[in-house]
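This briefing goes through one protein chain and the ligand modelled with it. The ligand shell is treated before the fold, the core and the helices.

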Amino acid sequence: MAMVLLAVGVAVSLASCGGGSDGGGKVAVEGAAAQRGQALAWSSGCSGCHSEDGTYSSGPTWQGIIGTQVKLKGGGTVLVDDDYLRRSITEPTAQVVDGYWPVMPAVALSEPQIEDLLAYLHALSPDAPATTSAPTSGIPSTAVIPSTTSVP
Ligand code: HEC
């Protein structure tokens, strides 16, 4: 008999004092981490170049970004997942999106801040399948299971 351990809810109990002034024009996101990420995006200037709602800006919109295929300058496409997003944030010029100028500055961010930003980007892609091992609130009904299984 195997003991099944259910690691339920790794409580992220960072005492946050709810920083960030809520101006208008933001998309409402759910979850403490996502909200911290959103506040950070606005306070770090990210949101001056990236919209949350699909509005065209100097950088690609973040709306529904996760799970999409992005064309890169110099050829090739890349699937937008956490690894790609992380690299785009920490090394902005490593993979430049086709059609955009490589103007994104490298912002010094701590690991927890990057995690918060990723949570926030996930919140802006509610239909995207989870690409992290982070606990999700449910399996999206639109989840596509790639079936490449060939039955002999
Ligand atoms: C001066 C404008 C500017 C600022 C400020 C900026 N970015 Fe960007 N960002 C861009 C542009 C332009 C691109 C597309 C070209 C590229 O890939 O470098 C981009 C690409 C990205 C991508 C990849 C998006 C995709 O569609 O593939 C992510 C993720 C991202 N930025 C996150 C951030 C975060 C997080 C911050 C704040 C810490 C930030 N950006 C600040 C301009 C900006």
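The shell around the ligand consists of 20 nonpolar and eight polar residues, with no charged ones. The model is a predicted one, and the pLDDT of the protein chain averages 79.

**Ligand shell**

- The ligand is surrounded by 28 residues.
- The closest of these are C46, C49, G59, P60 and M104.
- Helix α2, residues 82–90, contributes three residues, the most of any element, to this shell.

**Fold and confidence**

- The protein chain contains three helices and two strands, and their order from the N terminus is α-β-β-α-α.
- Of the 152 residues in the protein chain, 16% are buried.
- Taking contacts between residues at least 6 apart in sequence, 54% connect residues at least 24 apart.
- A pLDDT of at least 70 is reached by 68% of the residues.
- In the stretch 1–24 the pLDDT is below 50, and this stretch makes eight contacts in the model beyond near neighbours in sequence.

**Largest nonpolar core**

- In soluble globular proteins, nonpolar side chains tend to be buried together.
- The largest nonpolar core here has 15 residues, and L117, A119, Y120 and L121 touch the most other members.
- Helices α1 (32–43) and α3 (111–123) each provide at least two residues of this core.
- Helix α3 has the largest share of the core, with six residues.
- Outside its neighbours within four places in sequence, L117 contacts G37, L40, A41 and I89.

**Helix α1**

- Twelve residues at 1.5 Å a residue should give α1 a span of 16 Å, and the end C-alpha atoms agree with this because they are 16 Å apart.
- Its buried residues are A33, A34, Q35, R36, G37, Q38, L40 and A41.
- Helix α3 is among the elements that cover the buried residues of α1.
- G45, just after α1, has a positive phi of about 90 degrees.

**Helix α3**

- The 13 residues of α3 should span 18 Å at 1.5 Å a residue, and the distance between its end C-alpha atoms, 18 Å, agrees.
- D116, L117, L118, A119, Y120, L121, H122 and A123 are the buried residues of α3.
- The cover over these buried residues of α3 includes α1 and α2.
- An α-helix has 3.6 residues a turn, so residues three or four places apart point the same way.

**I114, a residue of α3**

- I114 belongs to helix α3.
- Is I114 buried or partly exposed? It counts as partly exposed because it has 17 C-beta neighbours inside 10 Å, while a buried residue needs 20 or more.
- Beyond residues up to four places away in sequence, I114 touches R86, I89 and L109.
- The C-alpha atoms of I114 and T90 are 8.8 Å apart in space, although the two residues are 24 residues apart in sequence.
- I89 is thus touched by I114 and is also in contact with L117.

Notes:
Residues numbered from 1 in each chain as written. Predicted model: local features only at pLDDT ≥ 70, side-chain atom pairs only at ≥ 80, totals over all residues. Near = placed C-beta within 6 Å. Helix = DSSP H or I, 4+ residues; strand = E, 2+ residues; numbered from the N terminus. Nonpolar A, V, L, I, M, F, W, Y, C, P; charged D, E, K, R; others polar. Core = buried A, V, L, I, M, F, W, Y, C linked by C-beta atoms within 7 Å. Buried ≥ 20, exposed ≤ 12 C-beta atoms within 10 Å, placed from the backbone. Contact = placed C-beta atoms within 7 Å. Expected span 1.5 Å × (residues − 1). pLDDT = per-residue confidence, 0-100.
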